[in-house]
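Me: I am new to this protein and would like some help reading it. Could you take me through its features one at a time?

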Amino acid sequence: MNKCTNGRVPKFAWVAAVVLLSALLSSSAISDEPLRIGMVGLDTSHAPAFTKLLNATDAKGALARMRVVAAFPGGSDDIESSHTRVAGFTQDLRELGVEMFDSVEAMLPNVDAVLLESVDGRKHLEQVLPVLKARKRVFIDKPLAGNLSDAIAIDLLSKKYDSPWFSSSSLRFSPSIAQYRESGASKVLGASAWSPCSLEPSHTDLFWYGIHGVETLYTAMGTGCQQVTRIHTEGTDLTVGVWDNGRVGVHRGIREGKSGYGLVVFGDKAIDVGGKYEGYAPLVDRIADFFLGGEAPVSTDETLELLTFMQAADDSKAAGGVPVKLADTWKTALAAAQQKVAKLDP
């Protein structure tokens, strides 16, 4: 061991101390800066709603450590609920101090993480690719994609660039629904969920809006569905899933009469009725934690399985309502996804 002479600290030690102190001060200064959030797609009410939560002057916890600062408006000319709303929501965000950019690529150097909000799931694969290449964390709003093969392609590209993402309906984190995943008080033997289920011809049927109810069902049931059977009428869709342990989960999609959200859980100790929508804040809290480096609150495996459930429901409808195995639907979609990735990002 080297010893100081005459009680003096060697010059190199002073230099090292100064360098370390400067680094610590610099790190502290950087950590005090809010995380810069970019938004892609201003054609949904989620855009101003999420921005108001994140940019609120009285925001607490993780939300207080970030701010939406930039956006690419986007929009889809062939979806009425997109092109008729994008201008209004763009103006809303301008008034909240958000800077607009002409493309995702132009926006990315100015942000640290991204909210992909485009209401058109068909846009997501193309829009998320530059985000994944830039290795910026991204939340992809529902639906993750317009069909299952696009959704799988997003995950394949995420793995290629080691860039994390997650996607979720806000219903999953409503306390009256999340409790069935988080409490563990009762073993879930089966569940029945319902939700509005408007259809959009450009998307796999349940992806467009029925996803809210399917995500509610999966929050209670967890993964492991093996096959689905779908009954389709003009006003109703009923999709029945059989899980690997014999449990049965049902989603009812509503297009006629009284609509709303709900959930019945059949447990080993009780039968519970609940599952109401409780706002965006619980989801935005989870997004903020994820953007700060936390784990994705929904696994990619679960998200891709529930999308496979919905794609298999479309396959069942096309086949006249016969049972369809999720493994068969997945195999077909995976092959298509691999071709899309090879073409989009060779």
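Reply: Happily; we will go from the overall picture to single residues and their partners. This is a predicted model, where local features need pLDDT of at least 70, side-chain atom pairs count only at pLDDT 80 or more, and totals for chains, interfaces and linings use all residues. Residues are numbered from 1 along each chain as its sequence is written, and side-chain values use heavy atoms, with hydrogens and water left out.

Me: How many helices and strands are there in the protein?

Reply: Helices (H or I, at least four residues) and strands (E, at least two) are DSSP runs, numbered from the N terminus. Here there are 13 helices and 13 strands. The C-alpha trace spans about 90 × 50 × 45 Å along its principal axes.

Me: What share of the residues count as buried?

Reply: Buried means under 20% relative accessible area, exposed over 50%, and partly exposed in between (1.4 Å probe, protein chains only). Of the 346 residues in this protein, 49% count as buried. Helix α2 (residues 46-54) gives a good example: His46, Ala47, Pro48, Phe50, Thr51 and Leu54 are buried there.

Me: Which elements do the buried residues of α2 pack against?

Reply: For packing, we look at contacts, meaning heavy atoms within 4.5 Å. The buried residues of α2 pack against the strands β1 (35-40), β2 (66-72), β4 (113-116) and β5 (137-140), and against the helices α4 (86-95) and α11 (281-291). Across the protein, among contacts between residues at least 6 apart in sequence, 75% join residues at least 24 apart.

Me: Is threonine 329 buried or exposed?

Reply: Threonine 329 counts as buried because its relative accessibility is 4%. Its place is in helix α13 (residues 326-344). Leaving aside residues up to four places away in sequence, threonine 329 touches Leu148, Thr308, Gln311, Ala312, Asp315 and Val324.

Me: Which residues form a nonpolar patch on the surface?

Reply: Patches are made of residues with over 30% relative accessible area and no salt bridge; like charges are joined within 9 Å, and nonpolar side chains (Val, Leu, Ile, Met, Phe, Trp, Tyr) within 5 Å. Accessible areas come from the Shrake-Rupley method with a 1.4 Å probe, and for residues only the protein chains shown count as cover. In this model Leu189, Phe266 and Ile271 form such a patch, with about 290 Å² of accessible area together. Isoleucine 271 is in strand β12 (residues 271-274), and with 57% relative accessibility isoleucine 271 counts as exposed.

Me: How many salt bridges are there?

Reply: A salt bridge is a side-chain nitrogen of Lys or Arg within 4 Å of a carboxyl oxygen of Asp or Glu. By this rule the count comes to 15. In one of them, arginine 122 pairs with aspartate 78, and the closest N and O atoms are 2.8 Å apart. That pair links distant parts of the chain: arginine 122 sits in the loop between β4 and α6 (124-133), aspartate 78 in the loop between β2 and α3 (80-83), 44 residues apart.

Me: Where does the salt bridge of arginine 230 and aspartate 314 link the chain?

Reply: Their side chains meet at 2.8 Å, N to O. Arginine 230 lies in strand β8 (residues 225-232) and aspartate 314 in helix α12, so to speak distant parts of the chain, 84 residues apart. Both arginine 230 and aspartate 314 are buried. They also belong to a network of salt bridges that links Asp205, Arg230, Asp237, Arg255, Asp314 and Lys317.
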